[in-house]
Amino acid sequence: MSNSIDFNGRPFHFIGIGGIGMSALAYVLAKRQIPVSGSDLRPNQITRKLESLGAHIFSRQEASNLEFFRPQESTNGVLLNSQKQLLVDHTILPQVICSTAINTSNLEYKAALELGCPILHRSDVLAALIADYHSIAVAGTHGKTTTSSMIGYMLLQAGLDPTILVGGEVNAWEGNARLGASQYLVAEADESDGSLVKHAPEIGIITNIELDHPDHYETLEEVIDTFQQFAQGCKTLIGSIDCETVRDTFGRLAQSLKPTISYSLHPDTNADYTVTNIDYRADGTTALVWEKGKAIGVLNLRLLSRHNLSNALAAVAVGRLLGLEFGEIAKGIATFEGARRRFEFRGEAAGITFIDDYAHHPSEIRATLAAARLQARPGQRVVAIFQPHRYSRTLTFLEEFAESFTHADVVVLTDIYSAGEPDLGQISGEQLAAEIAKHHQQVIYQPTLSSVCESLLLTLRPGDLALFLGAGNLNQAIPEIIATLREPATVTATS
């Protein structure tokens with residue numbers, strides 16, 4: 001694929017424009033008045049928003065879609081195409097953007113090759129945007145979306161008007177992206193396919209490093225190598241030394257005299273930013289923040305649990321590096337409500353509270369369930385409903401998944417969401433349920449979303465906290481269950 005990006009008005013066409021990462025890029029380009037088109041087989045709220053900005057969305061992935069920006073002529077030879085000022089030799093070939101999910105048999109991809117269109121990976125576009133701004137890129141196996149959203153929100157509240165691209169939707173800017181007028185850009189930088197190495201931000205953040213994508217990486221060492229290459233491209237690196245792997249990476253980078261800033265929840269680590277007087281509560285978290293051995297103020301978060309306090313420390317480090325007073329930082333963080341699908345409250349019915357969370361790795365599940373247990377009232381059951389994501393991940397971390405539900409009172413599992421992977425017959429949701437049952441007293445397996453709904457209507461009881469976990473489509477069941485529970489009971493009159 002080519003990696004030369006033209007932001008001077010040449011059109012962009014996104015294959016699979018409705019994806020969370022692709023749509024964020026398309027949004028920023030459309031807001032910059034660059035012509036954008038794209039295709040997606042499943043129109044959604046995101047694609048409708050892009051259409052409202054002038055992007056043209058195709059509901060089918062066909063070769064003819066790439067003809068959209070070619071000039072149209074009327075019978076008198078007058079050009080009808082609204083982009084006629086861009087025409088070169090009466091031909092426009094769009095820059096075609098793909099994600100790793102698009103394969104070479106895709107009709108649009110094949111047409112782009114035949115036409116000679118520049119073909120780019122979505123990470124190439126993000127890398128070019130990062131190079132265009134004073135950029136802050138948040139990387140890490142877990143916590144990227146929350147940390148990047150929190151930093152973006154903090155800068156927005158401080159009046160710095162950043163451009164933001166994140167992997168989740170945030171109410172503060174009504175989506176997964178916003179275009180600001182300042183030099184600052186905050187972006188979530190993904191390691192899943194190795195493209196993280198393309199990014200060279202002014203400030204890079206690493207929240208933690210674990211193996212999470214065995215479909216791309218065979219070993220943790222390969223993941224570490226990707227993060228090290230990313231770290232070497234950052235002008236300043238900020239990292240959590242509570243993660244041993246990040247701590248080791250910092251040690252190696254110290255030899256190159258790269259500016260580094262560390263943060264930790266443990267004062268005895270001598271990190272640049274740390275905390276004491278921590279109070280984890282059901283309605284949020286409070287802690288006293290220390291900067292290089294000096295107390296600088298109290299931080300209040302609406303978000304729960306230790307992993308979000310760690311994410312907030314990363315935001316503090318960024319804010320201070322950019323010259324913000326701690327009071328400005330704390331004020332912004334105190335009102336940040338989080339991204340959607342990150343412990344997101346979805347409603348209440350029949351006395352049952354429904355929470356939706358994107359957690360799909362054993363570490364994330366443990367952290368999210370710990371937060372749920374913190375929020376749960378005495379005697380309140382935490383019911384974890386989990387949809388495994390990808391066969392490769394489920395198989396690789398089978399034992400870790402089996403041991404990650406200790407904070408749940410009841411575990412309900414459905415079958416594996418493939419995310420496009422072939423089923424090789426090596427692992428199933430039912431097998432995972434059997435493994436979890438070795439460590440947990442109450443495990444229920446239901447193979448389909450419809451059977452999960454039916455089972456939950458029998459299993460849930462007033463007072464429960466129902467936590468839906470996974471990166472697939474499990475959360476689509478939540479509205480149906482809530483609606484059913486809210487239906488008035490049918491009373492049959494008897495004579």
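Biologist: Is glycine 140 buried or exposed?
Modeller: Bear in mind that this is a predicted model. Glycine 140 lies in the loop between strand 6 and helix 5. Buried means under 20% relative accessible area, and glycine 140 has 0%, so the residue counts as buried.

Biologist: Which residues is glycine 140 in contact with, leaving aside its neighbours within four places in sequence?
Modeller: UniProt, in an unreviewed entry, includes Gly140 in a feature called "binding site", along with Thr141, His142, Gly143, Lys144, Thr145 and Thr146. With neighbours within four places in sequence set aside, the contacts of glycine 140 are Glu191, Thr207, Asn208 and Phe227.

Biologist: Thanks! And threonine 146, which residues is that one in contact with, on the same terms?
Modeller: Threonine 146 belongs to helix 5. Its relative accessibility is 9%, so threonine 146 counts as buried. Beyond its neighbours within four places in sequence, threonine 146 is in contact with Leu303, Asn308, Asn311, Phe336 and Arg342.

Biologist: How many residues of helix 5 are buried?
Modeller: The buried residues of helix 5 include Lys144, Thr145 and Thr146, and also Gly152, Tyr153, Met154 and Leu155. Among the elements that cover them are strand 6 (134–139), strand 7 (163–170), helix 8 (305–321) and helix 9 (326–334). The helix is mostly covered, and the count of buried residues is 12 of 14.

Biologist: How far apart are the end C-alpha atoms of helix 5, and what span should its residues give?
Modeller: Helix 5 runs over residues 144–157, which makes 14 residues. At 1.5 Å a residue the helix should span 20 Å, and this agrees with the distance between its end C-alpha atoms, 20 Å.

Biologist: Which glycine follows helix 5, and what is its phi?
Modeller: The residue to look at comes after helix 5 and has a positive phi. This is glycine 159, with phi near 85°.

Biologist: Let's move to the open sheet of 5 strands. Which strands stand at its edges?
Modeller: The strands are arranged in the order 3-2-1-4-5, with parallel pairing. An edge strand has a single partner strand, so one side of it is left without a neighbour in the sheet; this holds for strand 3 (56–58) and strand 5 (119–121).

Biologist: Which residue in strand 4 is the bridge partner of phenylalanine 14?
Modeller: Strand 1 pairs with strand 2 over 4 bridges and with strand 4 over 3 bridges. On the strand 2 side, phenylalanine 12 stands opposite valine 36. In strand 4, the partner of phenylalanine 14 is isoleucine 97.

Biologist: Which residues of strand 1 are buried on each side?
Modeller: Both faces of this strand are covered. One side has Phe12 and Phe14, and the other has His13 and Ile15.

Biologist: Which residue stands opposite valine 96 in strand 5?
Modeller: Strand 4 (residues 95–98) and strand 5 pair in the parallel sense over 3 bridges. Opposite valine 96 in strand 5 is isoleucine 119.

Biologist: What angle does the direction of helix 1 make with that of strand 1?
Modeller: Helix 1 (residues 20–31) packs on the sheet and touches strand 1 (12–15), strand 2 (36–39) and strand 4. The angle between the directions of helix 1 and strand 1 is about 165°.

Biologist: One last thing: what distance separates the centres of domain 1 and domain 3?
Modeller: The domain assignment gives domain 1 (12–71 + 87–120), domain 2 (133–334) and domain 3 (344–486). Taken over C-alpha atoms, the centres of domain 1 and domain 3 are separated by 35 Å.

Technical notes: Residues are numbered from 1 along each chain as its sequence is written. This is a predicted model: local features need pLDDT of at least 70, side-chain atom pairs count only at pLDDT 80 or more; totals for chains, interfaces and linings use all residues. Side-chain values use heavy atoms; hydrogens and water are left out. Helices (H or I, at least four residues) and strands (E, at least two) are DSSP runs, numbered from the N terminus. The expected span of a helix is 1.5 Å times one less than its number of residues. Buried means under 20% relative accessible area, exposed over 50%, partly exposed in between (1.4 Å probe, protein chains only). Contact means heavy atoms within 4.5 Å. Domain bounds come from an automatic or database domain assignment. Two strands pair if DSSP finds at least two bridges between them. Axes are lines fitted to C-alpha atoms, for helices over the stretch in contact, and angles run from 0 to 180 degrees between N-to-C directions. UniProt positions are given in the numbering used here, feature names are shortened, and annotations may be inferred rather than shown by experiment.
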